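The following exercises are intended for a reader new to this structure. Please work through each task before consulting its solution.

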Amino acid sequence: MKFIVSRDVLYRNLSAISGVMSSNNSMPILDNVLVTIQGEKLKLTASDLESTMTAVIDLDNVEGEGSVAIPAKILIETLKLMPETPIVFVIDEENKVLKFQAANGEYDAPCFDGAEFPQVNEIENPSSFDIDALVLQRAISKTMFATGTDELRPNMMGVLCELSSEYVTFVATDAHKLVRYRNTKVKTDDFASFILPKKPISHLKGILSGVNGSVHVEYSQETNHICFSFDNMVLYSALKEGKYPNYEAVIPQENPNTFVVSKDEFLKSIRRVGIYSNQSTFQVRVSLSEEKTNITAEDMDYSNKAAEDITGIYTGEAMNIGFNSKFLREMLENMDADQIRIEMSQPNRAALILPEEEFDENENLLMLIMPVMLNY
């Protein structure tokens, strides 16, 4: 096989698909990228068995057809250090040698039989929907930070996606915090619910920031697989197994106490005061009344203490409530709104953090944080 391809095009596509690869593969062949020539198209495939990503590049200059697996790391690192130039690839399938020439250089590397590379099983009789790339990217970025890390509860280590005739919902929780993102731009005739694994959607989030248009999504709850298609790329992934917790049950409906405050001012205060909190609990106390709001933290072991007053509008009965400042900071950092509204009922009940104005009229973002018991 012989083909010529632009360095920039090849490097961009290899970099995109290589994100699904693992650094500790159980199968050595997965350290490689599968290169397939068919007609005048170059197909690149990377995989870690759980997820597989492909990219198709149109070629003008090609001889022969076939597929080989080539070392991903050495090729990507070489391309990274090259300027834009046409690269001539010659693959000797019989002797398993890859040669490529660019500008004044010539490089040789081993290659392997493409038949050894695991094949993607196409999703049979899939259900499908289309979602704007920006909406999907925002849905992932707004929820993924709240996913769990406890391997004893693997179903919480992913992001729940629910489809309905009214909206699409994405949910993540680790039992300490919960985020629910909804968007009415995406609707389906049939209700569906599945759990997206964290690694492939994290990679997807990074790629989608540069994608215009929509993403075509196909899924099958029978085979437990999902497929995202956009531009010249396709990402296949297994879905996480198990039943997601009933997240609606933990969202409090009656919250008579509300605090409206500047997101940036509140975040800066939590960051500063949080420095003085106990470094195992990260506890901060928020004292709320209609006269003033005070944020304090104390670490008795090291005699650290901090207190700040913050300006906001509080409506309700005076109360003291404790939060993990690390969790609270994460949630505020993922809010776009200039003003936020914190809704509470009692100091021992979950608090809701909501944007005072939504980023988009089709969006609905809700964040929930569990309080911590105050010990001072």
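Three exercises follow, each with a worked solution.

The model is predicted: local features need pLDDT of at least 70, side-chain atom pairs count only at pLDDT 80 or more, and totals for chains, interfaces and linings use all residues. Residues are numbered from 1 along each chain as its sequence is written, and side-chain values use heavy atoms, with hydrogens and water left out.

**Exercise 1. The nonpolar core**

Determine which residues have the most contacts inside the largest nonpolar core, and which helix contributes its largest share.

Solution.
- Step 1. A nonpolar core is a set of buried Ala, Val, Leu, Ile, Met, Phe, Trp, Tyr and Cys residues joined through side-chain atoms within 4.5 Å. Buried means under 20% relative accessible area, with exposed over 50% and partly exposed in between (1.4 Å probe, protein chains only).
- Step 2. The largest such core has 100 residues, and F170, F266 and I353 have the most contacts inside it. Its largest share, five residues, is supplied by helix α3 (residues 133-143). Helices (H or I, at least four residues) and strands (E, at least two) are DSSP runs, numbered from the N terminus.
- Step 3. Apart from its neighbours within four places in sequence, F170 is in contact (heavy atoms within 4.5 Å) with residues including L136, A139 and T143.

**Exercise 2. Helix α3**

State how many residues of α3 are buried, and identify the residue that caps its N-terminal end.

Solution.
- Step 1. Of the 11 residues of α3, 10 are buried. Among them are Q137, R138 and K142.
- Step 2. The N-terminal cap is D132, with a side-chain oxygen 2.8 Å from the backbone nitrogen of L134.

**Exercise 3. An open sheet and its helices**

For the sheet that contains β20, establish the strand order, the edge strands and the helices that lie across β20.

Solution.
- Step 1. The sheet is open and has four strands in the order β22-β21-β20-β24, with antiparallel pairing. Two strands pair if DSSP finds at least two bridges between them.
- Step 2. At the edges are β22 (304-310) and β24 (319-324), each of which pairs on one side only.
- Step 3. Six bridges join β20 (residues 283-288) to β24 in the antiparallel sense, and L288 stands opposite M319 in β24.
- Step 4. Helix α5 (residues 263-274) lies across β20, β21 (293-299) and β22, at about 165 degrees to β22. Helix α6 (residues 325-333) lies across β20 and β24, at about 85 degrees to β24. Axes are lines fitted to C-alpha atoms, for helices over the stretch in contact, and angles run from 0 to 180 degrees between N-to-C directions.

Technical notes
Polar contact = N/O pair within 3.5 Å; in protein donor to acceptor, adjacent residues only side chain to side chain.
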